[in-house]
Amino acid sequence: MRYESPTTVEAAVTLLANEAGKAHILAGGTDLLVRLRSGFIEPDLIVDLKRIDALKSITMESDGLRVGAAVPSAMLNEHADAVAGWPGVCEAAILIGSTQVQGRATISGNLCNASPAADSVPAMVAARAIARISGPQGMRDVPVEEIATGPGKTSLAKGEFVDSILLPKRAPGTSDAYLRFIPRTEMDIAVVGVGICVTVDKTGTCTAARVALGAVAAKILVVEAAAQALIGTKGDEAALNALAAACSAAATPIDDKRGTVAFRKEIAGTLAKRAAKIALSRAEKNL
Amino acid sequence: MSQVHVTTKINGDSTEYLCDADETLLDVLRDRLQMTGSKEGCGTGDCGACTIILDGRPVCSCLVLGAEAEGRSVETIEGMANGEELHPLQRHFLNGAALQCGICTPGILVAAKALLAQNANPSETEIRYWLAGNLCRCTGYDKIIRAVQSAAAEMRGETHAA
Ligand SMILES: Cc1cc2nc3c(=O)[nH]c(=O)nc-3n(C[C@H](O)[C@H](O)[C@H](O)COP(=O)(O)OP(=O)(O)OC[C@H]3O[C@@H](n4cnc5c(N)ncnc54)[C@H](O)[C@@H]3O)c2cc1C
Ligand code: FES
Ligand code: FES
């Protein structure tokens with residue numbers, strides 16, 4: 001195995017494209033190193049992104065906030081504009097692991113690891129985040145929900161990697177929230193995760209919504225029926241119950257020691273209701 | 001396996017080593033540099049016994065490659081005491097019996113030091129969340145929390161040295 005730490009995106013692309021064997025990207029390493037040490041993967045080349053200055057920054061652009069692929073979740077949560085503008089994405093990212101893990105783990109790594117239970121991904125999907133991919137063919141922008149194609153599998157072609165994630169600029173009255181259920185208070189994998197982004201008008205009526213569920217299917221689910229249940233309402237009890245029912249109905253979870261199918265479906269609804277309330281109250285403060 | 005030549009700063013001293021490309025920083029510290037203060041409890045990021053500070057952030061050294069440390073700054077438990085003089089956290093852990101077998105202690109001390117560097121007066125809740133990735137099978141945590149609180153109070157100048 002070789003270890004390379006290029007200093008430009010172009011050099012990283014060239015290294016990945018020219019490698020005949022198995023090449024893996026190293027961001028925070030909190031998934032990769034576990035798999036490397038357990039012998040689950042045997043890379044010929046590891047390309048560390050953390051020496052590429054451009055990927056280590058968070059920048060406000062005209063169309064939103066760009067988060068480089070080498071930004072750890074702790075750093076994202078130290079960024080005042082990120083926390084104020086995208087509280088749901090930030091609170092999801094800071095649920096990842098422990099303090100020690102948060103000092104390394106990136107949201108791009110969380111995305112590309114393609115776990116159905118990844119915490120920041122439902123929040124990013126709800127926020128309509130866009131992944132910028134660099135590769136031998138140049139750059140392309142792709143909605144984050146198109147990256148994972150199944151557990152551990154992505155749509156990235158050989159030589160391609162995510163160089164940054166754009167959190168698109170928000171209309172006034174827009175905000176988001178993320179909640180997950182775990183059997184303890186810290187350090188566990190989501191049994192269910194819910195990311196919700198809403199927009200309200202001056203009367204407090206919801207005019208747009210996007211609801212994404214994690215850990216209840218092989219991929220992150222976007223629940224259009226749940227969003228429709230909220231739109232046109234002020235988030236009253238009937239609307240929230242309809243949203244919860246839509247989430248429970250959409251969930252197709254597995255049965256395992258961490259939760260039964262029935263439990264996961266019910267929790268998906270309950271959490272969606274709670275997350276929607278938080279997102280709506282945050283959105284009203286952003287008018 | 002090609003070896004990587006690394007020059008880095010460990011506890012303020014410039015240090016050089018050769019390591020395998022897939023070798024963890026924890027293994028480099030323990031097996032190549034004989035700095036065995038950092039412990040391996042799990043090797044998978046779950047227990048925090050291997051906690052070090054890398055460029056100012058506490059991280060699990062079992063999830064860092066030795067090669068990644070090139071040009072960085074690494075702080076380990078070995079750098080915590082000033083010669084014979086223990087760090088206030090170390091003194092309060094001893095005086096408060098905040099350890100039994102001691103396997104978790106180096107990682108907890110390093111993580112707690114990083115907490116106090118950014119928050120001189122953390123609440124009990126803040127300490128418990130910050131240390132959630134540091135597992136202890138012996139103490140039940142209460143004495144650890146209290147030792148961190150009393151060390152913090154001393155470091156703020158509110159109490160005299162224990
Ligand atoms: C103790 C512990 C607790 C954890 N708890 C949680 C949790 O609560 N919630 C959660 O969601 N996850 C959790 N995780 C998993 C992990 O921390 C996250 O998935 C994290 O976000 C991964 O990011 P990373 O930067 O460390 O990725 P890495 O480990 O560097 O990479 C992950 C994978 O994605 C690929 N990759 C990384 N970056 C890119 C990129 N930019 N472009 C293309 N491919 C890329 C890598 O090749 C690798 O296959 C935990 C892990 C540990 C060790
Ligand atoms: S040995 Fe590194 S976290 Fe357990
Ligand atoms: S003192 Fe034994 S594990 Fe903490």
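This is a conversation about the domains, the chain interface and the ligand of a predicted model.

Student: What makes residues 2-47 + 59-168 of chain A one domain and 174-285 another?

Tutor: The split is taken from an automatic or database domain assignment, which gives domain 1 of chain A as 2-47 + 59-168 and domain 2 of chain A as 174-285. The C-alpha centres of these two domains lie 24 Å apart.

Student: How many residues of each domain of chain A are said to be in contact?

Tutor: There are 24 residues of domain 1 of chain A in contact with 23 residues of domain 2 of chain A, and the word contact applies because heavy atoms come within 4.5 Å. The area buried between these domains is about 1900 Å², with carbon and sulfur atoms giving 57% of that area. On the side of domain 1 of chain A, the residues A:Pro116, A:Pro122 and A:Ala126 supply 26% of the area that this domain buries against domain 2 of chain A, more than any other three residues.

Student: Why is the pair A:Glu91 and A:Arg282 called a salt bridge?

Tutor: The definition asks for a side-chain nitrogen of Lys or Arg within 4 Å of a carboxyl oxygen of Asp or Glu. The side chains of A:Glu91 and A:Arg282 meet at 2.9 Å, N to O, so the pair satisfies that cut-off and is called a salt bridge. The rule finds 3 salt bridges across the interface of domain 1 and domain 2 of chain A, and it also finds 10 residue pairs in polar contact there, both residues being at pLDDT 80 or more.

Student: Which elements give two or more residues to the side of domain 1 of chain A that touches domain 2 of chain A, and how do its residues divide by class?

Tutor: The elements are helix H5 (87-93), helix H8 (120-126) and strand E8 (148-150) of chain A. By class, the residues on that side of domain 1 of chain A divide into 15 nonpolar, 5 polar and 4 charged.

Student: What makes A:Asp31 a polar contact of ligand 1?

Tutor: A polar contact needs a pair of N or O atoms within 3.5 Å. An oxygen atom of ligand 1 is 2.5 Å from an N or O atom in the side chain of A:Asp31, so this pair meets the distance cut-off. The backbone takes part as well, since an oxygen atom of ligand 1 is 2.8 Å from a polar backbone atom of A:Gly28, and an oxygen atom of ligand 1 is 2.7 Å from a polar backbone atom of A:Leu32.

Student: Where does ligand 1 lie, and which residues come nearest?

Tutor: Ligand 1 lies between chains A and B. There are 34 residues around ligand 1, of which A:Ile25, A:Thr30, A:Asp31, A:Thr106 and A:Asp119 come nearest.

Student: How do you know that B:Glu68 forms a salt bridge with A:Arg104?

Tutor: The closest N and O atoms of B:Glu68 and A:Arg104 are 2.9 Å apart, and the cut-off is 4 Å, so the pair is a salt bridge. The count between chain A and chain B is 4 salt bridges, alongside 11 residue pairs in polar contact, both residues at pLDDT 80 or more. Among the elements of chain A that each supply at least two residues to the side touching chain B are strand E1 (2-4) and helix H2 (32-37), and H2(A) gives the most, with 4 residues. That side of chain A has 11 nonpolar, 8 polar and 8 charged residues.

Student: How much area is buried between chain A and chain B?

Tutor: The area buried between chain A and chain B is about 2400 Å², and carbon and sulfur atoms give 56% of it. The contact takes 27 residues from chain A and 32 residues from chain B.

Student: Why does the pair B:Glu75 and B:Lys113 count as a salt bridge?

Tutor: The side chains of B:Glu75 and B:Lys113 meet at 3.4 Å, N to O, and this is within 4 Å, so the pair counts as a salt bridge. Across the interface of domain 1 and domain 2 of chain B the rule finds 1 salt bridge. The domains in question are domain 1 (4-79) and domain 2 (88-155) of chain B, and they bury about 1000 Å² between them, 67% of it on carbon and sulfur atoms.

Methods:
Residues are numbered from 1 along each chain as its sequence is written. Chains are lettered from A and ligands numbered from 1 in the order in which they are written. This is a predicted model: local features need pLDDT of at least 70, side-chain atom pairs count only at pLDDT 80 or more; totals for chains, interfaces and linings use all residues. Side-chain values use heavy atoms; hydrogens and water are left out. Buried area is the accessible area (1.4 Å probe) that two parts lose on being put together, summed over both. A polar contact is a pair of N or O atoms within 3.5 Å; within protein, one must be able to donate a hydrogen and the other to accept it, and residues adjacent in sequence count only if both atoms are side-chain atoms. Ala, Val, Leu, Ile, Met, Phe, Trp, Tyr, Cys and Pro count as nonpolar, Asp, Glu, Lys and Arg as charged, and the others, Gly among them, as polar. A residue is near a molecule or strand if one of its heavy atoms lies within 4 Å of it.
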